[in-house]
Structure formats: structure tokens, C-alpha cells
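Me: I have a model open and want to learn how to read it. Can we start from a single residue and work outwards?

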Amino acid sequence: RRGGHVDFSVGSMDLKRNIAITMAGRLSGMAFRLLSSVILARGLGPDGRGLLALMFLVPDLAITLGRLGFDQANAVYAGLDRAARRVMLWHSVLLALGVGAVTWVLALGFLTIGAPGLTALTTIPYWLYVLPLSLVPLKVLIDYWLALLRGMNQIVLLNLVETSVRVGSLLLT
């Protein structure tokens, strides 16, 4: 700060570069999501696309609940305390496996008893829920680790990982 004004000249090239990289990563992510949506819509048709979205509803809810806000805490603390980053990395592994496993069991239990209140969920074979639900602990862990990268301001690596995940999911469709 100089004279009550914020000086952006120091490190402004890093800021501009990070903004450009983030913008490119977000735009490529949007393009890959659009392309995979078109491929899925054409390949599955409206009914199949709806069933696929329904099949991922419970795992997405389990992932959201499984994060418990720790992904945001990781981002904050990774930026504040450099020394704690290694501990946070392993803490994330244990927490994601524990919370992810508990969330997975609860979601499977919910589906096993017939998904009370969500009768449409029972129209899909049970095994089609088990496969995406089995990835819940891994997805929670990935979200925790991406938050660590965000907190450490590793913009290039963060966008590279996110874009690679989008490309991988597009290739799987």
C-alpha cells in the first residue's frame, strides 16, 4: 500500500498469468462438459440421460455431505501455514477414507431400504448405484487435495488436474 492505494505492480505478472491460466482452465472445462453432454444426450436419448442423472444423484449428494466443509478449511489453512501442509495432506487421506466410507455405507443403506421418499430411484438396478457410490471416498479425497492446491496457490497444477479429469471423463463417455 502506498498513500492509501493498493500497489498491484509487484507480482502483477504472476496475477495476470494466474488469471489467464484459470480462465483457460475454466473455459476448457466448460467445453469438455458441453461436448460430453452432447455425446451422452445423443447416445442415451432423453430417458437414458435422465436415468444417468438420477443414478448420479445419490453419489453427488454423498460427496457433498462427505466434504463436511473440510475442503474449504484445507484451502484456507494451506495458505496460512506452510508447515502444516504435509500433515494436512495425510489428514485429508484419513478423513476422506473415514468420512467417505461412512457416507458410502449410509447411502447404500438408504438405497437398500428402498430410498424412502424417492421412489423414482428404485427404477434403476441396484448395482448401477453401487459403482458410482464406491467412488465417493476417492472423490472426497480429490476434492480435499484440490483445495490444498488452491490454498497453496498452485494455479497451473490445479488447472492441469481439473482439465485432465474433464478429458478423462470425456474419454470414458
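Reply: Yes. This is a predicted model. Start at Val140. Leaving aside its neighbours within four places in sequence, Val140 is in contact with Ile63, Gly66 and Ala96.

Me: Which core residues touch the most other members?

Reply: A nonpolar core is a set of buried nonpolar-type residues joined through side-chain atoms within 4.5 Å. The largest one here has 19 residues. Leu111, Tyr129, Leu133, Val136 and Val140 touch the most other members.

Me: Which helices each supply at least two residues of this core?

Reply: They are α2, α4 (85-112), α5 (127-134) and α6 (136-151). Helix α4 gives the most, with seven residues.

Me: Take α2. Which of its residues are buried?

Reply: Buried means under 20% relative accessible area. In α2, residues 57-67, that picks out Val58, Pro59, Ala62, Ile63 and Gly66. Two of them, Ile63 and Gly66, are contacts of Val140.

Me: Why do the buried residues of α2 lie on the same side?

Reply: Look at directions around the axis. The buried residues cover an arc of only 135 degrees, so they sit on the same side of α2.

Me: What does the face turned away from the buried side carry?

Reply: That face of α2 carries two exposed residues, Leu61 and Leu65.

Me: What follows α2, and what is the sign of its phi?

Reply: Leu68 follows α2. Its phi is positive, near 55 degrees.

Me: Now a polar residue. Is Asn74 buried or exposed?

Reply: Check its relative accessibility against the cut-off. Asn74 lies in helix α3, residues 70-80. Its relative accessibility is 7%, so Asn74 counts as buried.

Me: What lies 3.5 Å from a polar atom of the Asn74 side chain?

Reply: The backbone oxygen of Tyr144 does. Tyr144 also appears in the contact list of Asn74, which leaves aside neighbours within four places in sequence. The others on that list are Met88, Ser92, Ala147 and Leu148.

Me: Now zoom out. How many helices and strands does the chain have?

Reply: Seven helices and zero strands. From the N terminus on, the elements run α-α-α-α-α-α-α.

Me: What share of the residues is buried, and what share of the contacts joins residues at least 24 apart?

Reply: Of the 173 residues, 31% count as buried. Take contacts between residues at least 6 apart in sequence: 75% join residues at least 24 apart.

Me: And how much of the accessible surface belongs to carbon and sulfur atoms?

Reply: The accessible surface comes to about 11,300 Å², and 71% of it belongs to those atoms.

Technical notes. Residues numbered from 1 in each chain as written. Predicted model: local features only at pLDDT ≥ 70, side-chain atom pairs only at ≥ 80, totals over all residues. Heavy atoms only, no water. Helix = DSSP H or I, 4+ residues; strand = E, 2+ residues; numbered from the N terminus. Buried < 20%, exposed > 50% of the residue type's maximum accessible area, 1.4 Å probe, protein only. Contact = heavy atoms within 4.5 Å. Areas by Shrake-Rupley, 256 points an atom, 1.4 Å probe, with all protein chains shown as cover. Arc of directions from axis to C-beta. Polar contact = N/O pair within 3.5 Å; in protein donor to acceptor, adjacent residues only side chain to side chain.
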